[in-house]
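Biologist: Got a minute to walk me through this one? Let's fix the terms before the details.

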Amino acid sequence: MATRPPTWVRLSGSPLFRTSSSASCMYGCPTQQYYSARAVSSSTACWSSVRSQPRSREPAQPTSIRRSCTTTSSSPAAPHSTQVESRPLWGSRIRRGIGAHQRRFFTASTRSRLASHDDSFDPRQQERETDEVDVCIVGGGPAGLSAAIKLKQLANEAGNEDFRVLLLEKAGELGDHIVSGNVVEPSALKELIPDWNDENNPNRFENATPATHDKLRFLTKKGSFPMPAPPQMNNHGNYIISLNQFVKWLGERAEEVGVEVYPGFAASEVLYTPDGSVKGVATNDLGISRAGKPKDNFERGMEFHARITLLAEGCHGSLTKQVTKKYDLRRDSQPQTYALGIKEVWEVQPEKFQKGLVVHSMGYPLPSNTYGGGWMYHFGDNLVSLGLVVGLDYPNPWLAPYGEFQKMKHHPLYSSVLEGGKCISYGARTLNEGGFQSIPKCSFPGGALIGDTAGFLNVPKIKGTHTAMRSGMLAAEAAYTALAGNNEGTIFLYDYEDKLRNSSIWRELKQVRNMRPSFHTPLGLYGGILYSGLEAYFLRGKAPWTLKHHGTDAAATKTADQCQKIEYPKPDGKISFDILTSVSRTGTNHEEDQPCHLQVKDWDKHAAIAYPKYKGIENRFCPAGVYEYVEDASKDLGVRFQINAQNCVHCKTCDIKVPTQDINWATPQGGEGPKYTMT
């Protein structure tokens, strides 16, 4: 009888929200804190004890509660006015490993249940269960899934069906944490899955809308004028997709070839061999209280040992930060620079829908010293994806990317399409913009960086999915070759570095390397536009110079007294929305009683340094209302710093932008965070 991997059960309830103060936020709504009531449990069993059975999924629970209040009490029992909203959230789910033909063996460590709380005993010192695989991939986005599929394709073609590829994803389901525009260039996809869009393929990806025509506009406050689009922005042959949907589909293709896919497993620690090379990762412990003590439902994390570990965490990955520092992977590259992308999906009136239309904009609402732009893509059936990307090297601490996005939607270019429509989804995520100059060393002893965690986004092209997928495929080829010829010792993927330098990724990024940094030279915004046109049409990357980035995005921030304060209009509730309404559309959920995954060693010290200089920049750069300064007469500053970690949508802006660089984004419990749809 065939056996299946263990059944991993995670029970999740609807998120509950409560206010933390009576202060009003900059977007016109009461300052609130989201608290999540979530029971999480899991059970494990030896694979050989679980019989093969069809995968099943329980229906989601349809109700969530959002509470709004003007009381100053933070007690759960405080009076509230309650609005009950019908939102598709997630109920209990069953996780099962993938690959019925595979068998997995755990080490025989005994799992203990705590009958009582004993401060003298720390169960985190217990030995963790371990599993050994050939390749472990951290991250279930386009890069990680492409690497996994390619590895199993190579192994299956060689008749090596026992070759184990395991993929860990911190989201509750593949795609839950994925946000992107997205107009995809299908070059890498065609190579990986040639019949991905073939009508004769019953498992084809059915949600791709061919891009039919492009528009590029420069916006003034009330008008706009057309701009010539550089050749990199030509979308002939490309497709408008929801990357959230695409990743789910790609995950199914990974399962078909035998990849073991584990959503809801948050890798939080890199494991090393005695010689200092990477030997795998460990997931975080479950059932730790906010005070750091084990609760009755405590469960030790699990170790996954692998000959090769591929990190595909996306932009600014937490494990990537660890290995980058340990192996000094940035010693020969310039600092990475980032942007924050904020996105909504709308259902618009049929008469305003133009299927396949791709619109990009520059200028308003962003000031001339801030890099960024907007987009609007018409796809599917009367659906419009729109958003704003803001370079995080903006200098003015009074600027709020979320507020700028709400302003942009009221511009006639966007409002003429949105009026009478309905916003159905919201999301936010950072992205790498450093390009060629900021690519680190991508290989390290025992593993490699792939996808956006390495920084392969082509900024002028406004695309990174194809480069992420290709990097994963190149790493897979190098990894399989290395494992086939090396049965002992540490593996270093020299071949992956060589393949990158000889690939279309390298050629693409080198050709456009000077465009993004040209906007932060004395040329300014308009000079940057002119220079980028010169590069796109004439120089084409052959200039004998390479412009440098200014430094880190955090260091680019000026103090509040050096900049003009920005006041944002109140949302109208039809086209623009307060930040908590938007967060409610993400489905984000974290258990309240766990250690704060937004790590600040000393909150009071942070406030004492940051608030006088930057006047609450944390509240403004965060697109989810996580950070706030609450009036508190007992504090010397008159305010206290507060982190509402339950709101977090895992965009990682705080880790990147905060000028004091004392916020560390760490992984919360697996399966938590946003549950994006159509993003």
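Modeller: Terms, then. Helices here are DSSP runs of H or I with at least four residues, strands are E runs of at least two, and both are numbered from the N terminus. Keep in mind that this is a predicted model.

Biologist: Fine. How many helices and strands does the protein have?

Modeller: There are 14 helices and 30 strands.

Biologist: And what share of the residues counts as buried?

Modeller: 61% of the 679 residues. The exposed surface comes to about 26800 Å², with carbon and sulfur atoms supplying 50% of that.

Biologist: What about contacts across the sequence?

Modeller: Take the contacts with a separation of 6 or more: 78% of them join residues 24 or more positions apart.

Biologist: Which residues touch the most other members of the largest nonpolar core?

Modeller: Ile137, Leu310 and Tyr496, in a core of 79 residues. Helix H7, residues 465–484, gives the most to this core, with 10 residues.

Biologist: What does Leu310 touch, leaving out residues up to four places away in sequence?

Modeller: Its contacts include Val135, Cys136, Ile137 and Val138. Ala147, Ala448, Ile450, Ala475 and Leu493 are on the list too.

Biologist: How many residues are in the second core?

Modeller: 63, and that core is separate. Cys315, Ile342, Leu392 and Tyr676 are among them.

Biologist: Switching to the surface. Which residues form a nonpolar patch there?

Modeller: Leu534, Tyr537 and Phe538 form one, with about 330 Å² of accessible area together. Tyr537 sits in helix H10, residues 524–539.

Biologist: Why does Tyr537 count as partly exposed?

Modeller: Because its relative accessibility is 37%, and partly exposed covers the range between 20% and 50%.

Biologist: And which residues of H10 are buried?

Modeller: Leu525, Gly527, Gly528, Ile529, Tyr531, Ser532, Glu535 and Ala536. Their cover includes strand E11 (213–219), strand E21 (357–363) and helix H9 (504–511).

Biologist: Any general reason for that kind of spacing?

Modeller: An α-helix has 3.6 residues a turn, so residues three or four places apart point the same way.

Biologist: What does H10 span between its end C-alpha atoms?

Modeller: Only 20 Å, where a straight helix of 16 residues would span 22 Å. Arg540 follows H10 and has a positive phi, near 50°.

Biologist: Now charges. How many salt bridges does a search of the whole structure find?

Modeller: 26. One of them joins Lys295 and Asp593, at 3.8 Å from N to O. That pair links distant parts of the chain, 298 residues apart. Lys295 is in strand E18 (residues 294–299), while Asp593 is in the loop between helix H11 (579–584) and strand E27 (598–599).

Biologist: Lys295, buried or exposed?

Modeller: Buried, at a relative accessible area of 17%. Asp593 is partly exposed, at 34%.

Biologist: Which residue does Glu508 form a salt bridge with?

Modeller: Lys461, with the closest N and O atoms 3.5 Å apart. Glu508 lies in H9 and Lys461 in the loop between strand E26 (447–449) and H7, so the bridge ties together parts 47 residues apart in sequence. Glu508 is buried at 14%, and Lys461 counts as buried at 15%.

Biologist: What about Arg253 and Glu252?

Modeller: Their side chains meet in a salt bridge, 3.7 Å from N to O. Arg253 is buried at 8% relative accessible area, whereas Glu252 is partly exposed at 42%.

Biologist: Which residues are linked in a network of salt bridges?

Modeller: Arg128, Glu269 and Glu303.

Biologist: Last topic, backbone oddities. Which residues does a cis peptide bond join?

Modeller: Gly181 and Asn182 are one such pair, with omega about 5°. Tyr364 and Pro365 are another, with omega about 10°. Asn182 is in the loop between strands E8 (165–169) and E9 (183–184). Pro365 is in the loop between E21 and strand E22 (372–379).

Biologist: Why flag those?

Modeller: Most peptide bonds are trans, and most residues other than glycine have a negative phi.

Biologist: Where is a positive phi found in a residue other than glycine?

Modeller: At Ile462, near 60°. Ile462 is in the loop between E26 and H7 and is partly exposed at 38%. Lys652 also has a positive phi, about 75°. Lys652 lies in the loop between strand E29 (639–643) and helix H14 (653–657). Lys652 is buried, at a relative accessible area of 3%.

Conventions:
Residues are numbered from 1 along each chain as its sequence is written. This is a predicted model: local features need pLDDT of at least 70, side-chain atom pairs count only at pLDDT 80 or more; totals for chains, interfaces and linings use all residues. Side-chain values use heavy atoms; hydrogens and water are left out. A nonpolar core is a set of buried Ala, Val, Leu, Ile, Met, Phe, Trp, Tyr and Cys residues joined through side-chain atoms within 4.5 Å. Buried means under 20% relative accessible area, exposed over 50%, partly exposed in between (1.4 Å probe, protein chains only). Contact means heavy atoms within 4.5 Å. Accessible areas come from the Shrake-Rupley method with a 1.4 Å probe; for residues, only the protein chains shown count as cover. Patches are made of residues with over 30% relative accessible area and no salt bridge: like charges are joined within 9 Å, nonpolar side chains (Val, Leu, Ile, Met, Phe, Trp, Tyr) within 5 Å. A salt bridge is a side-chain nitrogen of Lys or Arg within 4 Å of a carboxyl oxygen of Asp or Glu. The expected span of a helix is 1.5 Å times one less than its number of residues.
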